[in-house]
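Biologist: I am new to this structure. Could you walk me through it in short steps?

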Amino acid sequence: MKIAILGFGLEGESASEFLKIKYPKAQIEIRDKKFGENYLQGLDKFNLIVRSPGIKYLTPEIQKAKKRGVEISSPTKLFFKFKKGTIIGVTGTKGKGTTSTFIYSILKKSGKDVYLAGNIGYPALDILPKLNKDSVAVLELSSFQLQDLVYSPEVAVVLGIAPDHLDSHKNMREYVAAKSNIALHQKKNNAVFFIKNDKYSKWISQKSCGQKFAIDTSENSEIASCVARFLGCKEKHIKSAIKNFPGLRQHQEFIKEISGVRFYNDSASTNPVSTAYAIDILTPEILIAGGKTKGFSYSWLRKTITQKSPKKIILFGENKYEIKKALGEKVSVKIVDNLSEAVRFSYEFAERGDVILFSPGSASFDQFKNSKERGEEFNKLVRELKKML
């Protein structure tokens, strides 16, 4: 048996370790861009291809291999195929990481054998050996992980859906269709929770033949509470978990106050919808944004920025001029070359009492390996700020 692993980040490495144990006699070959530009050639010679989320499913070479009879899988598919216990899957354009962690925290407080994994940064295959029939796995699921999934979780949570990743999907319709796999394969005794007033979330929920629960609010803690109640958690455990919830790193995370100026890290916001949400919550005087575009419109930002009126917006990255154009002429914009300059200028523009928000609204791949690395660099620059001045 010949197996190709496409992409060798966290998910690819995890898949490699799993497959070595599951198929000890198989020939496993790692294919990654860092090993050469032609890493997608000759895929039709393999029996099984395991695609990491960072490798586009619609890539012509993958589709060609599929037509020739090669089985196309993924770490997420493998997890669903061999898992034990119950899976709670959470998807949406924004808030899925926070909601997943809220659900995990409540179930943990309730004494459940629960694990958190998926797009949040913990490969699902790593927790597979720990699971038994009573275990619960809470998975944050991206469109890339759901795109060709032929399974659905027993409990699906569909948050608000807005344009995202349109550089990797054919269009908005195909993006939403990819998300719909979270509910499409559910059974009658399964359940889907969805946002009542979000047309895409509601549309996805209708793909399920299980129980459907409409949620009036888009607040992460409320949605998590509804799921927890469905699973039989007590109110005292729900309230305790929410009260003591520490928040997620790089999700509107407070980093430091310098001379009365507060810095917040929201590097996890990789689309303008998420950044608009962060602006609405924190009302910053100064916004740092920009990176690599993902094919969506920045008009989402224009509306929120017009309402909240930050005094200065600092843009860097590959799409800085694209964002500047979308924001219009009435917004005060400073264009810089990199994140280091952005942090330095943000502090120079700030006054005591101001909030500086780093919320890129863009992917990180123009200058960083991922959004986590980008966020860590921001934290480092903030903490070393006085040395830079």
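**Sheets, rings and cysteines**

Modeller: This model is predicted. Let us begin with one pair of residues: alanine 4 stands opposite isoleucine 49 in S3.

Biologist: In which sense do strand S1 and strand S3 pair, and over how many bridges?

Modeller: Strand S1 covers residues 2–6 and strand S3 covers residues 48–51. They pair in the parallel sense, and the number of bridges is four.

Biologist: What is the strand order of the open sheet of four strands?

Modeller: The pairing in this sheet is parallel. Strand S2 (27–31) and strand S4 (71–73) stand at the edges, each with a single partner strand, so one side of each lacks a neighbour in the sheet. Neighbouring strands are turned by 20° against each other on average, direction ignored. The order is S2-S1-S3-S4.

Biologist: Is isoleucine 30 buried, partly exposed or exposed?

Modeller: Isoleucine 30 is found in strand S2. Buried would need under 20% relative accessible area, and exposed over 50%. Isoleucine 30 has 25% relative accessibility, so it counts as partly exposed.

Biologist: Which residues is isoleucine 30 in contact with, leaving aside its neighbours within four places in sequence?

Modeller: Take Phe8 to begin with. The C-alpha atoms of isoleucine 30 and phenylalanine 8 are separated by 7.1 Å, and the two residues are 22 residues apart along the chain. With neighbours within four places set aside, the contacts are Ile5, Phe8, Ser16 and Phe35.

Biologist: Now the sheet of six strands. Which strands stand at its edges?

Modeller: This open sheet runs S6-S7-S5-S8-S9-S10, with parallel pairing. An edge strand here has a single partner strand, so one of its sides is left without a neighbour in the sheet. The edge strands are S6 (114–118) and S10 (211–215).

Biologist: By how much are neighbouring strands of this sheet turned against each other on average?

Modeller: The value ignores direction. For this six-strand sheet, the average is 15°.

Biologist: Which residue in S10 stands opposite valine 192?

Modeller: Strand S9 spans residues 191–195 and pairs with S10 in the parallel sense over five bridges. Opposite valine 192 in S10 stands lysine 212.

Biologist: What angle does helix H4 make with S7?

Modeller: Helix H4 (residues 96–109) packs on the sheet. There it touches strand S5 (86–91), S6, strand S7 (136–140) and strand S8 (155–158). Its direction makes an angle with that of S7 of about 165°.

Biologist: How many aromatic pairs are there?

Modeller: Ring centres within 6.5 Å make a pair. Ring pairs link Phe79, Phe80 and Tyr151 into a cluster. The count of aromatic pairs comes to 12.

Biologist: Is the pair of phenylalanine 102 and phenylalanine 245 stacked or edge-to-face?

Modeller: The two rings lie 3.9 Å apart, centre to centre. The angle between their planes is 20°. Planes under 30 degrees apart count as stacked, so this pair is stacked.

Biologist: How far apart in sequence are the parts that this pair ties together?

Modeller: Phenylalanine 102 lies in helix H4, and phenylalanine 245 lies in the loop between helix H11 (235–243) and strand S11 (253–258). Phenylalanine 102 is buried at 9% relative accessibility, and phenylalanine 245 is buried at 17%. The pair therefore ties together parts whose separation in sequence is 143 residues.

Biologist: Over which ring does the charged end of lysine 94 sit?

Modeller: The charged end is 4.1 Å from the ring centre. Lysine 334 also lies over a ring face, that of phenylalanine 345, at 4.5 Å from the centre. For lysine 94, the ring belongs to tyrosine 277.

Biologist: How many disulfides does the structure hold?

Modeller: Consider cysteine 226, which is partly exposed, with a relative accessible area of 23%. Its nearest cysteine sulfur, that of cysteine 233, is 12 Å away, and cysteine 226 is in no disulfide. For the structure, the number of disulfides is zero.

Biologist: Which residue in S14 is the bridge partner of leucine 287?

Modeller: Strand S13 (residues 286–289) and strand S14 (residues 312–315) pair in the parallel sense over four bridges. Ile286 and Ile288 point one way from S13, Leu287 and Ala289 the other way, and all are buried. The partner of leucine 287 is isoleucine 313.

Biologist: Is tyrosine 321 buried or exposed?

Modeller: Tyrosine 321 lies in helix H14 (residues 320–327). Its relative accessibility is 55%, so tyrosine 321 counts as exposed.

Terms used. Residues numbered from 1 in each chain as written. Predicted model: local features only at pLDDT ≥ 70, side-chain atom pairs only at ≥ 80, totals over all residues. Heavy atoms only, no water. Pairing = 2+ DSSP bridges. Helix = DSSP H or I, 4+ residues; strand = E, 2+ residues; numbered from the N terminus. Axes fitted to C-alpha atoms, helices over the stretch in contact; angles between N-to-C directions. Contact = heavy atoms within 4.5 Å. Phe/Tyr/Trp six-rings, centres within 6.5 Å; stacked < 30°, edge-to-face > 60°. Buried < 20%, exposed > 50% of the residue type's maximum accessible area, 1.4 Å probe, protein only. Lys NZ or Arg CZ within 6 Å of the ring centre and 35° of its normal. Disulfide = S-S within 2.5 Å.
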